[in-house]
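Hi,

Here is the structure I said I would pass on. Have a look at it first, and then read on for what I found when I went through it.

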Amino acid sequence: TMLVEFSCASGKASEVDMFLTQSVLNLLVLRKVGIARRVFESYVVAHPEISKEKAPFLLPLLNFLWMLLAAVEQKLTEAFLVLREKYAVSLERDASYDEYLDRIGHLLLDLPPPNTGLGFG
């Protein structure tokens with residue numbers, strides 16, 4: 001896939017999972033859950049550093065995405081919240097992940113909108 005080619009050509013070996021995470025989270029914010037699932041599945045099979053069809057994966061973010069997609073597809077709000085907590089250290093690798101996940105929780109799982117800190121009074 002084009003994402004695999006881009007990751008291999010432009011990324012570091014330590015960023016293999018981050019290319020996929022960014023793409024999947026972007027698609028989920030756009031409410032493209034089915035496409036996010038297909039991107040995830042094709043990437044983990046096609047990427048030479050992963051080449052695996054099913055979890056568990058060696059990279060924690062891949063396991064997170066695998067479970068996140070299931071939680072979103074099945075509308076499992078509690079699982080979504082637990083995943084964020086359990087994978088907090090891995091999610092700290094990119095500061096934008098929290099913002100994406102706040103929006104995903106709101107848009108797809110009916111969680112309250114994130115507090116932007118812009119409230120009055």
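One definition before the fold: a helix here is a DSSP run of H or I with at least four residues, a strand is a run of E with at least two, and both are numbered from the N terminus. With that in hand, the chain reads α-α-α-α-α-α-α along its sequence. That is 7 helices and 0 strands. The radius of gyration is 15 Å, close to the 14 Å that the globule rule gives for 121 residues, so the chain is as compact as a globular protein of that length. Please keep in mind that this is a predicted model.

Some overall numbers next. Along the principal axes, the C-alpha atoms fill a box of roughly 50 × 30 × 25 Å. Of the 121 residues in the chain, 38% are buried. If you take the contacts with a separation of 6 or more, 61% of them are between residues 24 or more positions apart. The accessible surface comes to about 7,300 Å², and carbon and sulfur atoms account for 57% of that. As for charge, the chain has 12 positive and 15 negative charges, and the mean positions of the two sets are 5 Å apart.

Now for α2, which covers residues 16-29. This helix has 14 residues and runs 21 Å from its first C-alpha to its last, close to the 20 Å expected at 1.5 Å a residue. How much of α2 is buried? The helix is mostly covered, with 11 of its 14 residues buried. Among them are V16, F19, L20, L25 and L28, and also D17 and T21.

V24 is a good residue to click on in α2. Its relative accessibility is 0%, and because buried means under 20%, V24 counts as buried. Not counting residues up to four places away in sequence, V24 touches A36, F40, L65 and L69. Its C-alpha is also 9.9 Å from that of L68, and those two residues are 44 apart along the chain.

α4 is the other helix I spent time on. It also has 14 residues, and it reaches 20 Å between its end C-alpha atoms, close to the 20 Å expected. Its buried residues include L61, L62, F64, L65, L68 and L69, along with N63. What do the buried residues of α4 pack against? They pack against α2, α3, α5 (77-86), α6 and α7 (96-109).

One of those partners, α6 (residues 88-91), holds S90. S90 has a relative accessible area of 17%, so this serine is buried. Leaving aside its neighbours within four places in sequence, S90 is in contact with P60 and L61.

The loop between α3 (33-46) and α4 (60-73) has two things to show you. I50 sits in that loop and is buried, at a relative accessible area of 14%. Apart from its neighbours within four places in sequence, I50 contacts V16, Y43, V44, F57 and L62. V72 is another matter: I50 and V72 are 22 residues apart in sequence, and their C-alpha atoms are 23 Å apart in space. The second item is P56, in that loop between α3 and α4. A cis peptide bond joins A55 and P56, with omega at about 5°.

That brings me to backbone geometry. Most residues other than glycine have a negative phi, and most peptide bonds are trans. Which residues have a positive phi without being glycine? R31 has a phi near 65°, and D110 has a phi of about 60°. R31 lies in the loop between α2 and α3, just after α2. At 53% relative accessibility, R31 counts as exposed. D110 is in the segment after α7 and counts as exposed too, at 71% relative accessibility. K75, just after α4, has a positive phi as well, at about 55°.

If you want a short route through the model, begin at V24 in α2, move on to I50 in the loop between α3 and α4, and finish at the cis bond between A55 and P56.

Cheers

Key: Residues are numbered from 1 along each chain as its sequence is written. This is a predicted model: local features need pLDDT of at least 70, side-chain atom pairs count only at pLDDT 80 or more; totals for chains, interfaces and linings use all residues. Side-chain values use heavy atoms; hydrogens and water are left out. The expected span of a helix is 1.5 Å times one less than its number of residues. Buried means under 20% relative accessible area, exposed over 50%, partly exposed in between (1.4 Å probe, protein chains only). Contact means heavy atoms within 4.5 Å. The radius of gyration is taken over C-alpha atoms; the globule rule is 2.2 Å times the number of residues to the power 0.38. Accessible areas come from the Shrake-Rupley method with a 1.4 Å probe; for residues, only the protein chains shown count as cover. Lys and Arg count as positive and Asp and Glu as negative; His and the chain ends are not counted. The place of a charge is taken as NZ of Lys, CZ of Arg, CG of Asp or CD of Glu.
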